[in-house]
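Thank you all for coming. I would like to walk through one structure this morning, sheet by sheet, and then turn to where its chains meet.

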Amino acid sequence: MKNNKILSIMLIMVVMATATGFSQAKITVKGSDTMVILAQKWAELYMKSNPAASIQVTGGGSGVGITALINGTTDICNSSRPMKQTEIEKLKGRYNTLGVSIPCAKDGVTIFLNESNKVQELTLKQLSDIYTTKIKNWKEVGGIDAPIRLYGRENSSGTYTYFHDEVVRADYAASVQSLPGTAAVVNAVKKDVNGIGYGGAAYAVGVRYAKVKKDANSPAYVPTKESIGKGEYPITRYLYMYLRNKPTGETKKYIDWILSSEGQMVVTEVGYFPYK
Amino acid sequence: MKMKKLLTITFFTLVSVYGYSQTQTIDSLKEVIEKHDGKLTALDERVLVNEADLSKLNKIKISGYIQSQWELYDKNRVVTNEPTNTFYLRRVRVKFTYEALDGVKFVLQPDFSTGALALKDAYAVVNIPKFKDWTLWAGQMNRPNYEVEYSSSQREVLERSRVIRAIYPGEREIGLKLEYIGSKIPLKFQLMAMNGNFTGTQAKDVDSEKDIMARLVYSVKLPDAGIGIDFGGNTYMGSNKAKINPYVSNSDGTLDSVNVGHNLDKKWFGGEVQIFADVLGGMAIKGEYIAGTNSVASTTAAPASNASTATKLGAANKLNSFAGYYLYLIKNIGTKNQLVARYDYYDPNTKLSGDAAGSAVSCKTLTVSWQHYLNDFIRITVNYEMPKFEVNASRPANYMDVTYGNTLGVRIQAKF
């Protein structure tokens, strides 16, 4: 009898607490700085044609977005890298789901060089050696006799992790200047004749970009719709949206629109590439 | 003519005065720029120094949690004049993580619970160069088991299941662990060598043999159905050295003579499964079955207490066949609430039952719990635990011990 009473009280408390748990006034989107311009553009256009929808977009980096998804402070997380196993474990622990991964665009991680830099192409190995300072001078890769100055992203950035895992594959050199956003990396390289940086293709304005090749015997590519679409550009990646659960209601409508031809046109306008 | 001369002189005077003042202005501007340039350089240097200091601080992460709770015991199990309810601090932990380099991490976690400052974790994790999926852990850390490694700050019921509390007392051990978490294949493998007798204060091993634990988990994902299944097995291969008792009591109660120095088995196997499903807000079913032989001191044969795991060292004189399992059903409701039911079973001696089992009676426990996440930092848990012990002559139905009765626990957890 006593047990029944306690169980009933617990059940009533749960029902009361959950009664308000389902309402969703607006959609919050947080995460990748690489995707922030794209996400803002999507939100802006979607809200124009759906005035009842309210979408709030902020950056901070893929890591920040994933943490927010795990903490329940964002509905959609933008990420320029896949979620790590440790992050999926946290999501499982808190929400008992694996999360939903939605590839929504493609990007070629672009190697930014100063306009005056004469280096035309770099292999993945050379890029790794540059970012681990095994190669320290531009003359070692066909440039002038000048020291290479390295610019990169902060470790909360998905691009930082992606570039580390897929290109550098070792610890970044301590001399890499970490900057808060791809725009800052582009800006730094624009001003520094000996600088090199990396980031999303949409930001490559006012800088040159180096062609990239898998190895010394492979052809070199610049990130174009064609080379990305065919998977020829060696540092091609997906840009993702992550959710805790399968999307429903307004969130589902919004994501369906992003994946539609209309949403994918925005991807091209911003400077990225359609997801398929 | 005179006028022309005057105008010419005035013009030249003005030009030279203007020119002089221009030179003066440029000189003073140069001076100002140089002065500011110097200041900017100095500021730049200071920013660089501060950035270097800040980047060191950024490598230190501090997290922690406080679990403050109230417990109400079944008054029929409370010894006369003993309290029927209490407030207490279950865990007060601060975790310091220092990431020295990519792939090199140090972790220190003390527990400040009332009356006992204890070191919970103290280990270093190093990524094995060129094998980024492999890490090597050294120090004092959790034993590789699903429920053990599942953080107390995350767990959906107040305490771990009885079998886990009994065979992995204190959860931690001192040793060396090799861990593989596949980035391309969904496989997790853990192998740990440890002293095998950690008590919280036992700094060194009491014998030369090391205990070995291994765990292998494979994950299957069915993304379209929103289902993930992790399943695997684990084993513990170790021993306890008989130090003082020249005999050993087998599971069936018979006596075998052993000499001091004999190694008594501590060996078991387990199978585990965790199923996660995206059904109206997420749900999980988690279970594990473990059975084997454990060598224990007679004083530790009884089921572990409700509150925490007994941590008693060696002096083993009993060799028990044991078995136990747990099964969780967890349902998320929205993003703020979880409903949980757990059924767990532990039999410290599977070969004896009834009066012959003595104090080593089996126990089935149903626990129901509700979690409410107030915000990112605060979680409220209401937990009701209903153990049902085997009844015999030494543990009659009215046995007076709070751990044998139902317990209501209300916990507020603050995590940062």
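Let me begin with a question: in the open sheet of five strands in chain A that includes β8 and β10, what is the order of the strands, and is the pairing parallel, antiparallel or mixed? The order is β8-β7-β9-β5-β10, and the pairing is mixed. Before I go further, please keep in mind that this is a predicted model, with chain A averaging a pLDDT of 89 and 91% of its residues scoring at least 70.

At the edges of that sheet stand β8(A), residues 177–179, and β10(A), residues 208–209, each of which pairs on one side only. Further in, β7(A), residues 149–153, and β9(A), residues 195–199, run parallel and are joined by two bridges, and in one of the pairs Arg149(A) has Gly195(A) of β9(A) as its bridge partner. Across β5, β7, β8 and β9 of chain A lies helix α7(A), residues 182–191, whose direction is at about 160° to that of β9(A).

Chain A also has an open sheet of five strands in the order β2-β1-β3-β12-β4, again with mixed pairing. Here β2(A), residues 55–60, and β4(A), residues 100–108, each have a single partner strand, so one side of each is left without a neighbour in the sheet. If direction is ignored, neighbouring strands of this sheet are turned by 20° against each other on average. Within the sheet, β3(A), residues 76–79, runs antiparallel to β12(A), residues 236–243, and three bridges join the two; Ser79(A), for instance, stands opposite Tyr240(A) of β12(A). Packed on the sheet is helix α3(A), residues 62–71, which touches β1, β2, β3 and β12 of chain A and whose direction makes about 155° with that of β3(A).

Staying with chain A, I would like to show one pair of helices. Helix α2(A), residues 36–49, packs against helix α10(A), residues 261–270, at an angle of about 140°, with the axes 10 Å apart. That angle makes α2(A) oblique to α10(A), and the crossing of the two is right-handed. On the side of α2(A), the contact is made by Ile37(A), Leu38(A), Lys41(A), Trp42(A) and Leu45(A), while α10(A) contributes Gly263(A), Val266(A), Val267(A) and Val270(A). By class, the residues of this contact divide into seven nonpolar, one polar and one charged.

Now to chain B, where I will follow a series of strands in turn. Strand β12(B), residues 263–277, pairs with β13(B) in the antiparallel sense over 11 bridges, and the two form a hairpin with five residues between them, in whose turn Leu280(B) has a positive phi of about 45°. Strand β13(B), residues 283–296, pairs in turn with β14(B), residues 318–333, antiparallel and over 14 bridges. Thr293(B) of β13(B) lets us trace a path across these strands, since it is the bridge partner of Lys267(B) and has Ser321(B) as its bridge partner in β14(B). Elsewhere along β13(B) and β14(B), Ala284(B) stands opposite Ile330(B).

Strand β14(B) then pairs with β15(B), residues 337–347, over 11 bridges, once more in the antiparallel sense, and Tyr325(B) stands opposite Tyr345(B) of β15(B). The hairpin of β14(B) and β15(B) has three residues between the strands, and Gly334(B) takes a positive phi near 65° there.

Finally, how many residues of each chain are in contact across chains A and B? On chain A there are 23, and they are in contact with 30 residues of chain B. Helices α1(A), residues 2–18, and α4(A), residues 85–95, each supply at least two residues of the side of chain A that touches chain B, with α1(A) giving the most, namely eight residues. That side of chain A divides into nine nonpolar, 11 polar and three charged residues.

One caution belongs here, and it concerns confidence in chain A. Over residues 17–24 of chain A the pLDDT stays under 50, and for this stretch the model has 13 contacts beyond four places in sequence. I would be glad to take questions on any of these parts.

Conventions
Residues numbered from 1 in each chain as written. Chains lettered and ligands numbered in written order. Predicted model: local features only at pLDDT ≥ 70, side-chain atom pairs only at ≥ 80, totals over all residues. Contact = placed C-beta atoms within 7 Å. Helix = DSSP H or I, 4+ residues; strand = E, 2+ residues; numbered from the N terminus. Nonpolar A, V, L, I, M, F, W, Y, C, P; charged D, E, K, R; others polar. Pairing = 2+ DSSP bridges. Axes fitted to C-alpha atoms, helices over the stretch in contact; angles between N-to-C directions. Parallel < 35°, antiparallel > 145°, perpendicular 65-115°, else oblique. Left-handed = near helix turned anticlockwise from the far one by under 90°. pLDDT = per-residue confidence, 0-100.
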